[in-house]
Amino acid sequence: MEVSAVRPQSPVATSTAPTLIQEAPTGFLARLNDLPLQRKLMLGGGIAAVLAIIVATILWSQQADYKVLYANLSDKDGGAVLAQLSQMNIPYKHADGGNAILVPAAKVHDVRLKLASAGLPKGGVVGYELMETQRFGVTQFQERLNFQRGLEGELTRSIESLAAVSSARVHLALPNQNGFFREQQKPSASVVLTLHSGRTLDRTQIAGIVHLVSSSVPEMSPKAVSVLDQTGSLLSGPDGSDQDGLDAQQLQYVHQVENSLTKRVVDLLEPVVGRDNLRAQVTAEVDFSQVESTAEEFKPNQAQKADAAIRSMQTTET
């Protein structure tokens, strides 16, 4: 007996998905082609706008965050800072109409330290324009203080115009005046100068600075003005001279004398004791005092005998 098993055949399923996938783009393109020209332009503009927004967002996210480095700098300090940033190859931007300088946020503190080591910014000097910006309703004390600051700034600008002066600061002491004439105090001033390297001021220039300051303040005597340099040396004291009684030219002459004598001593002893066995130092004391003398001589009979004067004479005739 033979038994035969017949395996039922599974029906073949016909899938129409690929046909739909292939027909979908064709239907979209067909509908796109059927659109009017105005609709096509609007659709293209919208796609372009979306792409532009995406690109701008990507570029903005890749840019560094900028923060304010300095603000409200003077034109001179702002130009010096920008020149230094260009030399350091650091990108920068302007903000608030050019009143602020921006650099990448990660470099703000580093850049400030480097600029500070270079002496930037130096700080602008405010003159009488400070009086133009004061507000209505200021007190008499504030008005007087602004006037004093403006006068100090104007004097600083005038002193800095000298070729030998790199920077200057002027401090004025203006006492309050009262109705009692005997109790009124006299004003005084102090000037601190920073000179260029290798530059000095002679007596006439120091006297000019003293008289410039004293003549700018009422009731100020030239003896009440003190002038100092960057080393703290007193260039002009109450008597119009420096601490040792010598001006810049006299000090320079003393240094020349000391250097000349030191060189002569070294040239004289170096061949004998050797170069490494000699140390010479000369301190010169030069007397710059001037003596004025007046002499009055009485010689009534110089024609007869020049080396003696006749006190009395008696003549007898016979």
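Trainee: Where is the place of Ser 214?
Mentor: Welcome! This is a predicted model, where local features need pLDDT of at least 70, side-chain atom pairs count only at pLDDT 80 or more, and totals for chains, interfaces and linings use all residues. Residues are numbered from 1 along each chain as its sequence is written, and side-chain values use heavy atoms, with hydrogens and water left out. Helices (H or I, at least four residues) and strands (E, at least two) are DSSP runs, numbered from the N terminus. The place of Ser 214 is helix α7, residues 203-216.

Trainee: Is Ser 214 buried or exposed?
Mentor: Buried means under 20% relative accessible area, exposed over 50%, and partly exposed in between, with a 1.4 Å probe and protein chains only. Ser 214 has a relative accessible area of 5%, so this residue is buried.

Trainee: Which residues is Ser 214 in contact with, leaving aside its neighbours within four places in sequence?
Mentor: Contact here means heavy atoms within 4.5 Å. With those neighbours left aside, the partners of Ser 214 are Met 220, Ser 221, Pro 222 and Val 225.

Trainee: Which elements give two or more residues to the largest nonpolar core?
Mentor: A nonpolar core is a set of buried Ala, Val, Leu, Ile, Met, Phe, Trp, Tyr and Cys residues joined through side-chain atoms within 4.5 Å. The largest has 22 residues, and Ile 159, Leu 172, Val 191, Leu 193, Val 213 and Val 227 touch the most other members. The elements giving two or more residues are α6 (140-160), β4 (165-173), β5 (188-195), α7 and β6 (225-228).

Trainee: How far apart are the end C-alpha atoms of α6?
Mentor: The expected span of a helix is 1.5 Å times one less than its number of residues. For the 21 residues of α6 that gives 30 Å, which agrees with the model, where the end C-alpha atoms are apart by 30 Å.

Trainee: What is the phi of Asn 89, and is this residue buried or exposed?
Mentor: Most residues other than glycine have a negative phi. Asn 89 lies in the loop between α3 (75-87) and β2 (93-95), and has a positive phi of about 55° although it is not a glycine. With a relative accessible area of 66%, Asn 89 is exposed.

Trainee: Which ring does the charged end of Lys 93 sit over?
Mentor: A charge sits over a ring if NZ of Lys or CZ of Arg is within 6 Å of the ring centre and within 35 degrees of the ring normal. The charged end of Lys 93 is 4.4 Å from the centre of its ring partner, Tyr 66.
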